[in-house]
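Trainee: I should like to learn how to read a structure that is new to me. May we go through it feature by feature?

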Amino acid sequence: MLISVLVVIAAVIAGGWLYVNKGGVEEVLVVAQPIPAGHPITEGDVRTSKDPLLVARSVSGIDGAIPVADVDSVFGQRTTVALLPGQVLTEDSLTSDLLPQEGKRLIAVNLPAGRVPDTLAPGSVVDAIAVPQEGQAGDPKALDDPVVISAGATVYSSKNSQDGTVVVTILISETDAKTVAAYGAVGQLTLLQAPITEGDPADSAPQDDGSTGGQG
């Protein structure tokens, strides 16, 4: 009887091992909570508060996916892009370098809610456009062909202020940073979100948690 029980247990263990490891499937780390670009990874980012186990799932075919066994190697590294809960953590999404990297700057602009798309999320790509101040008509020619001050900036964070404006922090090229900051300071700036592509954090419907801007 004892031998029979041991045989059954061994068969179950072997079957489970074959299932997990079939086709190169392995347990890898996934993101436990929203993480902005440049954020240093902590245990809270790859563990849940209710479950002491690592947040992980079985996957196959994802290049650079980090195995659960290598969790200690990710602590302290910074994210190169914004990450969403449930997203597989990969080697390309982490760096040991401080952000912003060479040639980049982080700047904050305070804009009226109507000049910030409400779909903005960490990692969204935006263009900074020169516009007249609120309440001013502006030059018709400039309105027909507005100046793009900077293209392809990345949103680091977007938060509503108590006065109804929105503070958007963007990762932008060093050459454009001063100009965008200056236009933002005098109220002559608006943000235009780039077309959403697969994998963009804004590709999934955002939750209205008060962390994004107003209608754009």
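Mentor: Let us begin with one residue. Arg-105 has a relative accessible area of 37%, so it is partly exposed. Please keep in mind throughout that this is a predicted model.

Trainee: Why does Arg-105 count as partly exposed?

Mentor: The class lies between two cut-offs: buried means under 20% relative accessible area, and exposed means over 50%. Arg-105, with 37%, is therefore partly exposed.

Trainee: With which residue does Arg-105 form a salt bridge?

Mentor: The general idea comes first. Side chains of opposite charge can pair when their charged atoms come close. In this structure, the partner of Arg-105 is Glu-174, and the closest N and O atoms of the two are 2.9 Å apart. This pair links distant parts of the chain, for Arg-105 belongs to strand S5 and Glu-174 to helix H4 (residues 174-185), with their positions 69 residues apart in the count. Glu-174 has a relative accessible area of 40%, so this residue is partly exposed as well.

Trainee: How many salt bridges does a search of the whole structure find?

Mentor: The search finds one.

Trainee: How should I read the overall order of helices and strands?

Mentor: One counts the elements and then follows them along the sequence. The protein chain has four helices and nine strands. Their order is α-β-α-β-β-β-β-β-α-β-β-α-β. As for cover, buried residues account for 32% of the 216 residues in the chain.

Trainee: Which strands pair with S8, and in what sense?

Mentor: To read strand pairing, one looks for the bridges and for the direction of the two strands. S5 (residues 104-111) is joined to S8 by eight bridges, and the two run antiparallel. Within this pair, Ala-108 stands opposite Thr-169 of S8. S7 (residues 148-160) also pairs with S8 in the antiparallel sense, over six bridges. There, Ser-158 has Val-168 in S8 as its bridge partner.

Trainee: How many residues lie between S7 and S8 in their hairpin?

Mentor: Five residues lie between them, and Gly-164 in the turn has a positive phi of about 95°.

Trainee: Is S8 mostly covered or mostly open, and what does one of its residues show?

Mentor: Strand S8 (residues 166-173) is mostly covered, with six of its eight residues buried. Leu-171 is found in this strand. Leu-171 counts as buried because its relative accessibility is 18%, and the cut-off for buried is under 20%. One may also compare sequence with space: Leu-171 and Gly-38 are 133 residues apart in sequence, and their C-alpha atoms are 9.9 Å apart.

Trainee: Which strands pair with S6?

Mentor: S6 (residues 125-130) pairs with S7 in the antiparallel sense over four bridges, and Val-125 stands opposite Thr-154 in S7. Five bridges join S6 to S9 (residues 189-193), again with an antiparallel run. In that pairing Val-126 stands opposite Gln-193 of S9.

Trainee: Which residues form the negative surface patch?

Mentor: A patch is read as a group of residues on the surface. Here the negative one is formed by Glu-26, Glu-27, Asp-63, Asp-70, Asp-72, Glu-91 and Asp-92. Glu-27 serves as an example: its place is in strand S1 (residues 26-29). With a relative accessibility of 35%, Glu-27 counts as partly exposed.

Notes: Residues numbered from 1 in each chain as written. Predicted model: local features only at pLDDT ≥ 70, side-chain atom pairs only at ≥ 80, totals over all residues. Heavy atoms only, no water. Buried < 20%, exposed > 50% of the residue type's maximum accessible area, 1.4 Å probe, protein only. Pairing = 2+ DSSP bridges. Patch = residues over 30% accessible without salt bridge, like charges linked within 9 Å, V, L, I, M, F, W, Y side chains within 5 Å. Areas by Shrake-Rupley, 256 points an atom, 1.4 Å probe, with all protein chains shown as cover. Salt bridge = Lys/Arg side-chain N within 4 Å of Asp/Glu carboxyl O. Lys, Arg positive; Asp, Glu negative; His and termini not counted. Charge placed at Lys NZ, Arg CZ, Asp CG, Glu CD.
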